[in-house]
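This report walks through a single structure for a reader who has not met it before. Please keep the sequence and the 3D view at hand while reading.

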Amino acid sequence: MDPLKKVPVPEDVVHYRLFLVQPDSAASEQTLLKLQEDLLAEVAPLLVQYIWQQQPFNLSYRPEKGGVPAHLGGSTEFGDNVEDEWFIVYLLKHLTRTFSQLAATVHDNDGQFLLIEAAEHLPKWLDPDSSENRVFLYRGGLYILPNRGRSGEVGWPRDSAPLLKDALDMLHKHADRCLAEKRIRSAIDHRLEGYPDKIQTSLHHAHCYVPAGIAALLSRRPDLIAPAVSAFYLRDPIDLQACRTFQTFPPDTRVLTSVKFTRCLYAQLMQQSFVPDRRSGYTLPPRSNPNYKSHELGMKLAHGFEILCSKSGRVGVGEETPVSADPRWRGFLGSLQKNGYFKGELEGSFLYKKLMTSAENFFKQSVTSTCSSSARCPGEEVLQVLESTPYSLEELKKLEEHLPAEDSDDWLNITPQELEKFLQERGSLGGPRRKGTGVREEEEEEKEEEAGYSLVAVTQGMKSFINAMSSHEGAEFPQSCLSEPFSFDPDAMTSALDRLLGGKHEELDSDDFEDEDEDEDEDDGEEDVGSQKQEGAEALGSLKRYMDEMDQELQTTNVGKSFALNGKQGDDKTDASKSLEPAEEELQPLDVDLNLVTNLLESLASQAGLAGPASNLLQSLGIHLPPNADQS
């Protein structure tokens with residue numbers, strides 16, 4: 001597709017679509033809406049307790065338009081928490097595995113971010129231009145329509161993008177040929193490693209002193225913590241004007257409660273330095289107080305919720321429409337019961353009511369909100385839930401004695417060694433480390449590390465890099481920089497110099513010789529070969545004279561003193577030869593390897609341990625040098 005015709009995609013937003021792959025299946029609106037209920041009911045147990053950074057996972061019916069078949073689609077703004085995006089990828093893989101008649105596509109403003117994650121293992125023909133309508137999540141795996149080099153082969157030509165209907169038909173008929181290579185699938189699986197258990201490990205529970213209204217609000221709607229943190233995190237002076245009086249959440253009703261964050265939200269709140277306005281009534285104890293962090297977190301949360309309510313623009317709100325009024329609720333509830341969502345609990349029990357409340361909230365976020373013409377702002381939702389949630393300050397005070405222990409936030413601090421290990425795992429050539437701590441594996445790692453420290457490896461790696469292929473899209477780093485020796489093709493060099501300097505003859509079109517006899521063609525061919533060799537030798541001789549004159553001219557400058565000479569030839573000279581004064585000083589060859597290593601080490605030293613061109617280039621080549629111990 002022409003880049004000028006591509007629709008711009010907003011940043012930090014992931015778009016996903018689910019298609020029916022069977023060509024004979026009727027993708028009517030009723031069929032897809034019933035499928036929507038089944039899909040959301042399937043993932044509801046994973047989503048009811050999930051806290052989204054900005055927007056939740058949602059699906060809605062999309063009619064056929066512009067060659068795109070009717071499907072279920074959605075988009076989610078994930079903001080600063082990229083884990084939301086990858087959690088959606090996990091959900092799509094889970095849904096396509098459970099519902100084998102579905103295939104999913106997913107992309108964001110970077111394009112096919114699944115291919116970006118597996119960029120080290122992609123075939124050379126697959127790039128952003130040739131990947132359109134080729135990449136699918138199907139049967140729980142990653143599928144890529146292959147490149148068709150010859151007629152009759154399964155695949156699609158690289159220089160054209162298939163229509164979605166044709167791509168889905170090919171995926172359905174030749175699924176085994178479209179399955180991505182194991183290395184590509186392993187890279188995606190490694191990124192999704194830990195799900196669904198990762199949902200719980202990504203949460204953080206902390207004690208906070210918050211107004212009683214916020215404590216009651218979060219006990220019913222834990223997901224409202226996200227817009228409150230975002231409102232505080234992105235506050236401006238105008239927003240803080242509403243926090244001078246605190247009409248909605250007065251500070252004199254503060255209670256200690258356990259608040260559930262995601263790690264991203266908790267880090268955003270903790271890393272913000274903020275001093276409350278004296279007129280607000282919020283005061284903090286000394287930093288030496290053991291409850292200082294709880295008071296500070298609660299104060300920041302109160303400011304966030306107050307900002308949300310001030311932006312609602314409404315003093316009061318009407319009654320909330322129950323979900324039972326929506327005709328789709330009955331089918332969604334039936335799908336939940338069919339999938340065992342209520343875990344056999346009796347209707348009316350405490351756990352049953354809790355699960356029902358979570359299911360209603362999920363239905364409002366993922367179904368109702370996607371179809372409403374005007375979605376409510378978070379502040380209106382906070383006021384709505386607050387008015388419908390009765391609470392007692394005395395009862396909340398009593399619960400302070402029975403709060404669960406808060407989680408440790410040591411994960412906020414990372415050592416340089418842990419950072420280096422993380423960067424190696426995420427690096428371009430690092431990849432996931434092998435499990436196991438055997439003695440043999442440790443010895444192999446030590447040998448690899450020592451080999452990486454070798455200065456000979458540095459020079460060989462650079463030579464391999466220079467000898468690697470390159471194009472207008474950039475240079476290709478060799479997969480194994482130390483496996484192939486440096487090679488030089490003199491004939492190719494001669495031909496390149498001939499083209500660079502320009503020959504005296506002009507290339508003749510082959511059509512000029514179509515009507516001549518074969519004998520004349522052979523004679524002319526021999527003469528051409530001889531003349532080309534003669535002209536190539538003349539070009540090399542001319543270039544050599546040019547280089548000699550340049551060397552003589554540079555001898556009068558100090559440029560040559562900055563390079564290290566080859567010391568072997570200097571040692572072979574005798575005193576008698578040194579005493580002679582030739583009319584013209586003999587040029588000594590340079591030690592290319594020594595100059596290369598010297599310049600690289602000087603560049604690394606000037607970076608002072610920070611990222612720079614030398615360290616980035618060496619790491620891309622798989623060469624890791626130890627830190628500079630000589631600070632002088």
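## A salt bridge between buried residues

In this predicted model, Arg-221 and Asp-223 form a salt bridge, with their closest N and O atoms 2.9 Å apart. Both Arg-221 and Asp-223 are buried, and the pair belongs to a set of 16 salt bridges that a search of the whole structure finds.

## A network around Glu-83

Which residues are linked with Glu-83 in a network of salt bridges? The network joins Glu-83 with Arg-191 and Lys-198, and each of the two pairs that involve Glu-83 can be described in turn. In the pair of Arg-191 and Glu-83, the closest N and O atoms lie 3.1 Å apart. This pair links distant parts of the chain, since Arg-191 sits in helix α6 (residues 182-191) and Glu-83 in helix α2 (residues 83-98), 108 residues apart.

In the other pair, the side chains of Lys-198 and Glu-83 meet at 3.4 Å, N to O. Here too distant parts of the chain are linked, with Lys-198 in helix α7 (residues 198-201) and Glu-83 in helix α2, 115 residues apart.

The three residues can also be described by their accessibility. Arg-191 counts as buried because its relative accessibility is 8%, under the 20% cut-off. Glu-83, with a relative accessible area of 22%, is partly exposed, and Lys-198, at 22% relative accessibility, likewise counts as partly exposed.

## A patch of negative charge

On the surface, Glu-11, Asp-12, Asp-80 and Asp-110 gather in a patch of negative charge. One of these residues, Asp-12, is found in the segment before strand β1, which covers residues 13-20. Asp-12 has a relative accessible area of 31% and is therefore partly exposed, although this value is still over the 30% that a residue needs in order to be part of a patch.

## The chain as a whole

The chain has 632 residues, of which 35% count as buried, and its secondary structure comes to 25 helices and 10 strands. Among contacts in the chain with a separation of 6 or more, 77% are accounted for by residues 24 or more positions apart.

The chain exposes about 38500 Å², and carbon and sulfur atoms supply 51% of this area.

Terms used
Residues numbered from 1 in each chain as written. Predicted model: local features only at pLDDT ≥ 70, side-chain atom pairs only at ≥ 80, totals over all residues. Heavy atoms only, no water. Patch = residues over 30% accessible without salt bridge, like charges linked within 9 Å, V, L, I, M, F, W, Y side chains within 5 Å. Areas by Shrake-Rupley, 256 points an atom, 1.4 Å probe, with all protein chains shown as cover. Salt bridge = Lys/Arg side-chain N within 4 Å of Asp/Glu carboxyl O. Lys, Arg positive; Asp, Glu negative; His and termini not counted. Charge placed at Lys NZ, Arg CZ, Asp CG, Glu CD. Helix = DSSP H or I, 4+ residues; strand = E, 2+ residues; numbered from the N terminus. Buried < 20%, exposed > 50% of the residue type's maximum accessible area, 1.4 Å probe, protein only. Contact = heavy atoms within 4.5 Å.
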